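Got your viewer open? Grab the selection tool and let's walk through this model stop by stop.

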Amino acid sequence: MKIMSVDDEPDMELLIRQKFRKKIKNGEYEFVFAENGLEALTKLIEHPDIGIILTDINMPEMDGLTLLTKINELKNPTLKTVIVSAYGDMENIRTAMNRGAFDFATKPIDFEDLEITIKKTIEQVEVLQKAEKDSKQLSAIRHDLKIAKQIQQSILPKKFPPFPNRKDFEIYASMNSAKSVGGDFYDFFLINDEMLGFVIADVSDKGIPAAIYMAVSRTIIRAAALTGLSPEKCMEYSNDLLSKENISDMFVTVFYGILNTKTGEIIYSNAGHNPPCILKKDGTVIETELTHDIVLGIMEDAKFKTKNISLKPGDTIYLYTDGVTEAMNKKHELYSEKRLEKELIKLKDSSPQEIINGIISSVEEFTKGAEQSDDITMLTLKYDGN
Amino acid sequence: MEIIEKKEDSFVILNLKGRLDTTNYGELEKKIFELLEKKENNIIIDCEKLDYISSSGLRILLMGLKKFKANKGKFVLCDLQENIKEIFEISGFSSIFDIYESQDDALKA
């Protein structure tokens, strides 16, 4: 601990060096000396790591009370001042305490007592120094999280409409994470001129671990899908890779579909994801059949199935994560699939973007005042035909 | 969520009550590690009063299954409410867990 003694008595330095020689020798205390308030301020700039100031009150140039005021202006919580003044000077000592001095000792100095006072002050300063360090680390982590969020958002396709020349389908998607980074993702890509691949997925956790897992899953699935694999083969390939590397029993639920933009037929695999809905042009809503496949990442060599469903021009497939249906209000009620279906019916004849925005506001209204507990992700794909 | 622990024959029965989700899965995780440390071998998770399970909850059950199976033990579930059954169906977890209709069935197995 670096300590500064401020006193105009020339033998103070000698006295302190002698009384605390052991502690100085073993490096516990390091002393800096100043003869008045002004010099103390200069020394403080030279030694910003000073934690404790022992100061006299009556000194030339700048007295101890003025020094105390100046130190207060520095607003440094890890710098504590101990007043060392004559016993008869109690009025000034009281003033100093009221101005924020940490403690006081009286002259003639009882060095044993002063040592106790210094020890107590050091404890306090160290607690505050640790708190300050933790707080700095915390803000560094916050900063990292902010960057992580930006990176995560940047790997999701964000430009809408993504294929402005295509008039045969419209697509829109959004992801709102509950924490600064999330475990949900969506993706879509043209495999060739006629085949549009689209994905929605939910990692079994939140925060940084989920975000890393999400980035890996998304990359594996996209790479496999772009080679033109069928949904089941794409799931099998991705599952094997994810299962081999899995160390924390994390998994990801994935729905992967391929729309044939000529015929409106969708072939899909559903690896443990809640089934997407088809919003028909006439306003009816049906759930896509499950393929009863297991989530990705926990069982190597698992087999997957492909099913198909047809879209007619004007039909929309709506994919979502359970953050939608399991959004909870203050009364602990879930938004539920029933509400979702009702809302979707209301949104018939809407564009993919209007559907997603409509559901978002409906969920927001439902959960008003409650904290968002899960990521909310949706993707809508409307087939317009030729 | 509440966890009520009971011992019956060679089984430890954990009754889960309420919601198992991202806010409290750590409690179940801790309990499972405790039982592993005590060298318990056969676990029944009774879900009669479990109202909701999130994917973080599923992950902890999966972890339990793997750890106990690795010790040649049992880690089975019973008495799932309809909505929980549905989650197990959708996620494909029903194919990797042994799931029984009742605690009695689980004890006999």
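Start by selecting strand 6 of chain A, which gives 4 residues, the largest share, to the lining of the second largest pocket. Keep in mind that you're looking at a predicted model. Strand 6 covers 169-176, and helix 11 (352-366) of chain A also supplies at least two lining residues here. Now add A:Pro161, A:Pro162, A:Phe169, A:Glu170 and A:Ile171: out of 14 lining residues, these lie nearest the centre of the pocket. The space has a volume of about 230 Å³. Colour the lining by class and you'll get 8 nonpolar, 2 polar and 4 charged residues.

Stay with A:Pro161 for a moment. It sits in the loop between helix 6 and strand 6 of chain A. Zoom in on the peptide bond from A:Phe160 to A:Pro161: it is cis, with omega near -5°. Another cis peptide bond joins A:Lys107 and A:Pro108, with omega about -5°. To find A:Pro108, look in the loop between strand 5 (103-107) and helix 6 (111-155) of chain A.

**Next stop: the largest pocket**

Which residues lie nearest the centre of the largest pocket? Select A:Asp322, A:Glu326, A:Glu337, B:Ile87 and B:Ile90, and you have them, out of a lining of 22 residues. Chain A brings helix 9 (322-325) and helix 10 (336-346) to this lining, while chain B brings strand 3 (42-53), helix 2 (55-70) and helix 3 (82-91), each giving two or more residues. Highlight helix 3 of chain B in its own colour, since that helix provides the largest share, 5 residues. The volume of this pocket is about 470 Å³. By class, the lining has 7 nonpolar, 10 polar and 5 charged residues.

**Two residues in chain B**

While you're in chain B, pick B:Lys72, in the loop between helix 2 and strand 4 (74-78). Its phi is near 60°, a positive value in a residue other than glycine. Then pick B:Asp79, in the loop between strand 4 and helix 3 of chain B. B:Asp79 has a positive phi too, about 60°, and it is not a glycine either. Are they buried or exposed? B:Lys72 counts as exposed because its relative accessibility is 77%, whereas B:Asp79 is partly exposed at 26%.

**Over to the other part of chain A**

Chain A is divided into domain 1 (2-134) and domain 2 (156-383). Zoom out to see both: 64 Å separate their centres, taken over C-alpha atoms.

Go to A:Asp89, in the loop between strand 4 (80-86) and helix 5 (90-98) of chain A. A:Asp89 has a relative accessibility of 14%, so it counts as buried. Show its side chain and you'll find a polar contact of 2.9 Å with the side chain of A:Ser85. Leaving out residues up to four places away in sequence, A:Asp89 touches A:Ile57 and A:Asn58. From A:Asp89 to A:Leu54 is 16 Å, C-alpha to C-alpha, and 35 residues in sequence.

A:Leu54 leads to the last stop, as one of the residues lining the largest cavity. How many cavities of 30 Å³ or more does a search of the whole structure find? The count is 1, and about 50 Å³ of space lies inside. Strand 1 (2-6), helix 1 (12-19) and strand 3 (50-55) of chain A each supply at least two lining residues. Select the lining, including A:Val6, A:Ile16 and A:Val84, and sort it by class: 7 nonpolar, 2 polar and 2 charged.

Notes: Residues are numbered from 1 along each chain as its sequence is written. Chains are lettered from A and ligands numbered from 1 in the order in which they are written. This is a predicted model: local features need pLDDT of at least 70, side-chain atom pairs count only at pLDDT 80 or more; totals for chains, interfaces and linings use all residues. Side-chain values use heavy atoms; hydrogens and water are left out. On a 1 Å grid over the protein atoms alone, a cavity is a set of points where a 1.4 Å probe fits but cannot get out, and a pocket is an open set with protein on both sides within 12 Å along at least five of seven lines; lining residues have an atom within 4 Å of a point. Grid points are joined across faces, edges and corners, and a volume is the space filled by probe spheres set on the points. Ala, Val, Leu, Ile, Met, Phe, Trp, Tyr, Cys and Pro count as nonpolar, Asp, Glu, Lys and Arg as charged, and the others, Gly among them, as polar. Domain bounds come from an automatic or database domain assignment. Buried means under 20% relative accessible area, exposed over 50%, partly exposed in between (1.4 Å probe, protein chains only). Contact means heavy atoms within 4.5 Å. A polar contact is a pair of N or O atoms within 3.5 Å; within protein, one must be able to donate a hydrogen and the other to accept it, and residues adjacent in sequence count only if both atoms are side-chain atoms.
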